Amino acid sequence: MERAIPVTNTYMRFFLVLLLLTACRKQLATGVVDISVTEKGFEPARVDAAPGAPLTLRFTRKIKETCADAVDVEGDPVRHMLPVDVPVEIKVKAPPSGELAFACPMKMVNGAIVVVGH
Ligand SMILES: [Cu+2]
């Protein structure tokens with residue numbers, strides 16, 4: 001079987017590429033993104049997304065004492081109140097490039113959707 005080795009290499013290359021693509025995609029947020037409000041602030045505070053990706057940010061405030069009892073999303077005039085332990089969904093669209101910031105009303109607790117080019 002002289003062709004055994006080249007075929008194996010082709011398959012290995014194929015799976016390597018597939019693996020890399022999968023690993024790459026995993027880093028980018030899609031669909032619903034859970035963000036908790038904890039003593040550390042927003043967790044995660046950074047959400048990597050593809051350009052223009054439609055996302056639903058689902059904020060859940062886990063602690064009583066925090067200044068992030070509401071969240072403002074860049075470009076969204078509505079202030080979204082965050083009652084304790086109640087998931088609040090906000091639909092957003094990742095910008096073509098750069099960041100889409102979100103923050104508590106006083107802008108002390110910050111986070112952002114960061115567009116990653118792929
Ligand atoms: Cu604040």
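## A first look at a strand-rich chain

Let's start with one residue: Phe59 lies in strand 4. Keep in mind that this is a predicted model, where local features need pLDDT of at least 70, side-chain atom pairs count only at pLDDT 80 or more, and totals for chains, interfaces and linings use all residues. Residues are numbered from 1 along each chain as its sequence is written.

Is Phe59 buried or exposed? Phe59 counts as buried because it has 23 C-beta neighbours inside 10 Å. The cut-offs work like this: 20 or more other C-beta atoms within 10 Å of a residue's own make it buried, 12 or fewer make it exposed, and anything in between is partly exposed, with C-beta atoms placed from the backbone. Thr56 also has its place in strand 4, but Thr56 counts as partly exposed because it has 14 C-beta neighbours inside 10 Å.

What do these two residues touch? Contact here means that the C-beta atoms of two residues, placed from the backbone, lie within 7 Å. Setting aside neighbours up to four places away in sequence, Thr56 touches Gly31, Val32, Val33, Glu89 and Lys91. With the same kind of neighbours left out (those within four places), Phe59 is in contact with Ile35, Val37, Val71, Leu82, Val88 and Ile90. Here is one C-alpha pair for each:

| Pair | Apart in sequence | C-alpha to C-alpha |
|---|---|---|
| Thr56 and Val33 | 23 residues | 6.0 Å |
| Phe59 and Ser36 | 23 residues | 5.7 Å |

Now for the strands. The protein chain has one helix and nine strands, where helices (H or I, at least four residues) and strands (E, at least two) are DSSP runs numbered from the N terminus. Along the sequence, the pattern reads α-β-β-β-β-β-β-β-β-β.

Four of the strands make an open sheet, in the order 2-1-4-7 and with mixed pairing. Strand 2 (41–43) and strand 7 (88–93) stand at the edges with a single partner strand each, so one side of each has no neighbour in the sheet. From one strand to the next, the twist averages 30°; axes are lines fitted to C-alpha atoms, for helices over the stretch in contact, and angles run from 0 to 180 degrees between N-to-C directions. Within this sheet, strand 1 (residues 31–38) and strand 4 (residues 54–61) pair in the parallel sense over seven bridges, and pairing requires that DSSP finds at least two bridges between two strands. Asp34 has Arg58 in strand 4 as its bridge partner.

Strand 9 has pairings too. Strand 3 runs parallel to strand 9, joined by four bridges, and Asp48 stands opposite Val114 in strand 9. Strand 8 runs antiparallel to strand 9, with five bridges, and Ala101 stands opposite Ala112 in strand 9. The hairpin of strand 8 and strand 9 has six residues between the strands, and there Lys107 takes a positive phi near 60°. Which side chains of strand 9 are buried? Gly111, Ile113 and Val115 point to one face and are buried, while Asn110, Ala112 and Val114 point to the other and are not.

Finally, the core. A nonpolar core is a set of buried Ala, Val, Leu, Ile, Met, Phe, Trp, Tyr and Cys residues joined through C-beta atoms within 7 Å. The largest one has 21 residues, and those with the most contacts inside it include Phe59, Ala94 and Ile113. Strand 4 gives the most to this core, with three residues.
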